[in-house]
Each structure stands twice: as structure tokens, then as C-alpha cells.
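This report describes selected features of a two-chain model for a reader who works from coordinates. The sequence and structure are shown first, and the description follows.

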Amino acid sequence: MFLRLVYESFRRQKRRKLLAGTAITLGVSVATAMIAVATDIGDKVNRELRTFGANLVVTPQEDTLDLQIAGVDLKPPSDGAYLNESDLPRIRGMFWHNNIVGFAPALPVAVELGGGKSVTLLGTYFSKHLTFGKEEFQPGVRSIYPWWKVDGAWPQDDSQDILLGEKLAAGLGRKAGDEIDIRGQAHRVTGVLSTGGAEDDQIVASLAVAQGIVGRAGAVRRLYVSAVTKPEDAFARRDPRSLRGPEFDRWYCSPYVQSIAYQLQEVIPHSHAEQIRQVAQNEGTVLARIKGLMLMITLAALLAAALAVSAAMATALFERRGEVGLMRALGAGRASVAAIFFAEALLLAVLGGSVGFAGGAMLARVIGRSIFDSQITVEVVLFPIVIGIALLVSFAGSALAIRRAVQFDPVYALRGEA
Amino acid sequence: MSSRVGPVLGARRARTPRRSMFLRMLVRAAMLRRGRAAAALLAMVVAAAVTTAMLNLYVDAQAKLHNELRNYGANIVVAAKEGQSLSSETLQKVQSALGERGMAVPFAYVVARTADGQAVVVSGTDLNQVRKLNRWWSVTAWPSHEGDALIGARAAALVAPQGQAFDLSFQGRIVHLSSAGTVRTGSSEDSRIYLSLEEFVRWTGVKPSTVEIAASGSPEEVNATIRQLEEALPEAEIRPVRQIMEGEAWVLGKTQSTLLVCVLLIILTAALCVLSTLMGWVFDRRRDFAVMKALGASERLIGGFFMTEAAALGATGAIFGFAIGVAIAAWIGRATFHTPVVPRFAVLPEVLGGSMAVALMAAILPMWLLRRVQPATILRGE
């Protein structure tokens, strides 16, 4: 009889059930999508923050001081030490290699252009094809400095072609497609580079071109690394030499900027890796703010969804006081009447919740793809939690209305004097 | 009762029987069903509060994040033309063009020699301002006395490994400096020595050649500032720091789109909540509707009655909700950004209009459904 009552109620009151079910579905969809976005936003924004450029720099251990003023390098190429280019692919073998978004070597050399004018030629990777074991990857300035803009084409890494900085090109009166003589060799200018930084006054060429000018094969002055890191905390700042056993493992296996620097020093011999504080230090605060904001907004969304579901359930029940009166008049106990309505709420919550969860997962994917160009996946673990919340909210919404309905005198209910 | 009222009052009553009856019905309807009216009002208030809070937060979060991203340092650089330096007049012009919208810090550079002939870059600047501009600098101690220098971490190993005093020479002029502390940034600052600008000028006679500016505001405002500086300073080069400006625009753009989608979803949910509650309320009163119709009220009168009721509910809910929403937004602002969100009264008309529109929709829909039903059917309770 109990089952039949519930079943018939669903069969005969399709409109009411559809209304309540829609409210639950929509509420759960919004809640699921918001939870998924809020849990993933940290990762997503962390990736987006990489548009601020490299956050780590690797220099030779025995290096002399930089002599750089306003982007002009005054250090003679014979001075100081170098890193070895052949060590670079080993970054791919690091513990946190998946967090390395990209890297670019730098080898600045002073060259004379016609008229005794000295400019800096920067040798680097544009988008060099490298292999480590079976893995292939393409590090270079194009991936770690997204704000570098080229009017013309990017040169190939295995060519002698170069880019001219914007201001230098204007000063020399050269443009893309021209040829330029550097140390007696002609180089084709494939494009004009605009960065808003020191490179606007420089020539940018492939690493091999710069090494040829210095006369040292495989030499790299500095290595810029862009890595996705975990915001720094007190533990991150501990000196790794003072950590013991499991503590050291925990430090080593957390993607702090310090531990990534430590691992870079391990894979590149005779090197010193350091965070670029301007970029690395600010990431944490910006990330914390955005995460905090999303958390608050998610709470607001959950509140709004819970209210919508409760209100819909309460309204649906209010309309059925006549039914309650009839059942009570026929001798049904308060508990059994309440049980019927709770069973209905349970069914609605589970059905609406499941559909809503699927809808919310789709919504989260659409948000992820359209805003961040990457997937926001909804964890399956979320499903029981979301259904649980849906149940709780629809019970809470029904409870008050059920209580009032069963306490109402059946006579008045049947006469319609509610 | 009417027999006892005076002729003047009676005439007024005769002229306005409808209006007073209308008002009385509105008030009595709300009073008699206090529970349901309160539930509908509560739904309205909560929805309006959530909407207000979200709209306030959406507008304010942008400004707050701009401020947060200013911690990345200068976004505009003013540089002297090659081989020249900026006059003190130029610095004043920068300050006056900038006004309250940012801060400007001058830098002067020379290559000096240490006692054993090593070349090192020395920079003169306003150290108090640098401290505010470049908050990421990790400094052991800022110089406070005359003759104190701030030494880059790598330069320190060379000139003052034990933190002792040292000499620097530039074009034959020697200066005696003590080391106040070291600075570590991970870039070229690590190889430099920083002095206060007055001391630097006294020693070298070299004037500042660059001014780093952190201009606040949205990208459009920063671009306007750049244009203003270009007009004011034709003798210098004004350069936006694209690394900072583009990174900022990118991250903010993404955050804003996410916020917008979330805020819209929340407002939609809140509106649905109100719609379903109010519709239930109006639907529940189909008996009143039938009685009025049976007593000969026109469709227009009944429609007007229910719609006025809904509009009044919407307006009341919106005003209470607005007040609560502003408080919620202020609290969220304090919790995430540690500064309160300034209430924006500009969103009040939007919240008010939206609430009333939703309430009216909730009234019209059930009426439209009931329009063809015979009053007798409803009164019989079918």
C-alpha cells in the first residue's frame, strides 16, 4: 500500500513532481558546477599566472657579478662561468617535470654593428625540439614569455635567422626580410620583436648563433624556468639541509618554488637555482585571494540552491493538504503519512540530484573549456556528497510543511479551510 | 455604520470606495495568511540579498584584484634618451602627471670599482619608495643611516662577505660605505649595490636616468596615464612594462569571466527560488480569486490586485535584501581582501527592478493558468 501510494502520487501528479524535480535538478546542477569550479580554480589560475613569465633562474655556481644596466649587458663574454647546454634536456627527468611549463636558456653577447655601435645579441631557444629518453618537448621563449610579439615570423632554432628588437630596428631603419651583417656573416631578419623590456634594444637569435659568436659550443649563461608551484609557506622556507628523513621527503615532494629550485640544481651540474621573487612571491597572494573569493561565492551558490530546493519542496507539499486530510480521515497515523511524503522527497532528491549532477558536470566542463581552454573534471567522489546535500535540503524543506500538514485537523483540511 | 458618517466623509467614500477596498484587501490578505506571506517575503529577501552581495562583489573584486596585482611592481618605465639623464624638473612633472594614481621611483646607475678592481653596478634611489614599490624584495635590514648601503646578495659575497665597511671608487672619487643589509630578488638586483639618491649624487654627480612607475587602475586607466606622461614629457621615453601589464590583463580577464558566470548562475537560482515560492503562494489563493470573480470582479481588477500585491512584496523584499546583501558583501570583502567592500547604491535600481519583475512574473503565470477555470469548480475544491 505504501509503495503504491508513492507510485501513484508520482504517476498522477506529474506537473507538481516535475516542478519540484526541476528545482532540485537546477539547484544540484549549480551546486555541482560551482564546487567543481571552486576546487579547480586554484590549479587553473596558477597556470594562468605563468603568463607573468619565468619564476626561476639557474646560473652557474661560480659566476661573477652581472653588469647589467637598463638591459645592456656590460660583462665581457670571457668573464664568468657557463652552464652546459647538453644538461638542459635532463630537466624533463626531474621529479616535478610535469610542473615545468617551459624553460629558455639565455646567452647574451655584445656585438658590433656598423658604425661602432655595440648591441647585445641574446641567444636562446625559440621553440626548440628536444628529446629526453622517449619524450619529446619544445621549450623556448614562445611558451614562457607569452607577451613577446613578433611582427613577421619567428626564426627556426636551427637557422641563422634573427629577430630585431623594436627600438633597435627603428634606430637602424631595418624591417622584417632585410639582411644584417654580424661579425662578417649575413643574417636574415625574419621579424621585429616587441617585448616592452630590454629585448626591444637587442638582437635575439638562436642559441647556436650566439655560441658561434662567443666561440664556445654548448655554453649557456643563464636558464629561465617557468614552473607551476605551490604557494610558499613556513615549511617551504626551511633549509633542506636541516630536514631529516620523512620531513625532507615531504619537502622534496611538494612543488614549492624552493624544492623545484633544489631539484634543478640536482639535474644541472655546478648550477645555482634561485626564485625570481618578483614573479614567484606574488603568485601566492593573488592565488589566495582568488581562491578565497571563489570559496565565498560557492557558499553563496550553495545557499541559494538549498533555498530554491527547500522552497519548491515546501510549496509542493502545501498544495496537498487535502490529500493529507483524506488519509488522516481514513485512519492513517501521523507517522505513516509523514513517511509517505519523506519517501517522495527521497525519490525526488535522488532522481533530481542524479540528473542535476550530470548537468552540473557538463556545465563545469563548458565553463572550463570556454574560459580556461582546459577541462574541469568533476570528481566522482562528489556524487554521494551532492546527493547527500540534495537529500538533506529537500527533507529540511519538506519537514516543516509535513509537520504542519499532519497536525492540521482533517475536517478543516477536507473542507478546504486551510 | 455608514449612516452615522457626515455628508462630507460619505461623499469622499462614495468617490473612492474602490480604492479603500482595494487597499484593505491587500493588507488583510497579508495579515490573515501571515505564515505564507512571511515565507514568500523571506524568499524574496534572501534572493535580493544574495543578488546584491554578488553584484557588489563582482564590481568590487575587479578593483581589489587590480590593487593586489600592483604588488608585481612597476608597470611603466620612464627612461632618459640614450646617454642623458632626467632633470629634477622631469621628476616633478612625472609626479604631478601621476597625482594620486600611483607612485614613481627614480633610479640612477653607474659602474663603480671595488678596492680590488672588481666592477660592480651601483644604483642610487629613494629607498623608502622602493620598499613600497617592490614588496617582493627580501631584505635583511633597510639602510637607515648616512653612509649605509643595501647590497645585493651576490654582490655582498664579493664586497662585504662579513658585513664590514668597504670602499667604492667612481672616476677617481672614493666613497666609504657600511653595509646595512642584503637584498635578494633572484634577478639583476642581486649583483647591485643600492644607495640613497642624495648620497649617490653627492658621490658620482650622476642624475637618475630611469623612473619606475606603479600606476594603479584598470588597463584603460593605465594606458591613459601613459598617454598623459607622453604629453608631459616629450624629452623622455615612456615604456609600458608589457610583462606586467599583459599578465595582469590576462589573469584578471580569466578571473572575471569565471566570476561573471558564477554570479549569473547564483542570481538565476535565486530568481527561480522566488518564482516557485511566489507562484505557490498565488496558486494557493485560487479560492480568493474565485470568490472575487463570483462576486462580479472584472479580470482586470483581479489581475491588478494580484499584481499590486506581488509588486509590493517584490519591492519590500528588495529593500530589506539590499541592506542585508551590502552587509554580506562587506563581510566577504573583509574576509578575502582584508578591506571592506564599499556599498554600491548603483545596483539598487537593478535589484529592485529585477525583484519586482520576478514577482510580477510569479503572479501572472498562475493567473494565466486559472483564467479559463470556472469559479464554481475552484470553490468546490476540485
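Is R183(A) buried or exposed, counting C-beta neighbours inside 10 Å? R183(A) counts as exposed because it has 12 C-beta neighbours inside 10 Å; a residue is exposed if 12 or fewer other C-beta atoms, placed from the backbone, lie within 10 Å of its own, buried if 20 or more do, and partly exposed in between.

This is a predicted model, in which local features need pLDDT of at least 70 and side-chain atom pairs count only at pLDDT 80 or more, while totals for chains, interfaces and linings use all residues. Residues are numbered from 1 along each chain as its sequence is written, and chains are lettered from A and ligands numbered from 1 in the order in which they are written.

**Loop residues**

R183(A) lies in the loop between β11 (179-182) and β12 (185-194) of chain A. Helices (H or I, at least four residues) and strands (E, at least two) are DSSP runs, numbered from the N terminus. Although R183(A) is not a glycine, its phi is positive, at about 50 degrees. In chain B, Q171(B) is not a glycine and has a positive phi of about 50 degrees. Its loop runs between β6 (166-170) and β7 (173-184) of chain B, and Q171(B) counts as exposed, with 10 C-beta neighbours inside 10 Å.

N134(B), in the loop between α5 (127-133) and β4 (138-139) of chain B, counts as buried because it has 21 C-beta neighbours inside 10 Å. N134(B) and Y72(B) are 62 residues apart in sequence, yet their C-alpha atoms are 7.3 Å apart in space.

**Domains**

The bounds below come from an automatic or database domain assignment.

| Chain | Domain 1 | Domain 2 | Distance between centres (C-alpha atoms) |
|---|---|---|---|
| A | residues 2-46 + 285-415 | residues 55-275 | 54 Å |
| B | residues 19-67 + 251-379 | residues 75-240 | 57 Å |

**Helices of chain A**

The axes of helix α8 (residues 277-318) and helix α11 (residues 382-407) of chain A come within 8 Å and cross at roughly 35 degrees. Axes are lines fitted to C-alpha atoms, for helices over the stretch in contact, and angles run from 0 to 180 degrees between N-to-C directions. The residues of the contact of α8(A) with α11(A) divide into 14 nonpolar, four polar and no charged. In this division Ala, Val, Leu, Ile, Met, Phe, Trp, Tyr, Cys and Pro count as nonpolar, Asp, Glu, Lys and Arg as charged, and the others, Gly among them, as polar. Among the participants, α8(A) contributes residues including A306(A), V309(A) and F318(A), and α11(A) contributes residues including A390(A), G397(A) and A405(A); residues are in contact if their C-beta atoms, placed from the backbone, lie within 7 Å.

Helix α9 (residues 321-329) of chain A has R321(A), V324(A), G325(A), M327(A) and R328(A) as its buried residues. Seen down the axis of α9(A), these fall within an arc of 165 degrees, so they line one face of the helix; the arc is that of the directions from the helix axis to the C-beta atoms. Just after α9(A), G331(A) takes a positive phi of about 105 degrees.

**Contact between the chains**

Chain A supplies 58 residues to the contact and chain B supplies 60 residues. On the side of chain A that touches chain B, α2 (14-48), β2 (68-69), β16 (271-275), α8 and α10 (334-372) each supply at least two residues. The most comes from α8(A), with 23 residues. This side of chain A divides into 37 nonpolar, 15 polar and six charged residues.

Note on methods: Two residues are in contact if their C-beta atoms, placed from the backbone, lie within 7 Å.
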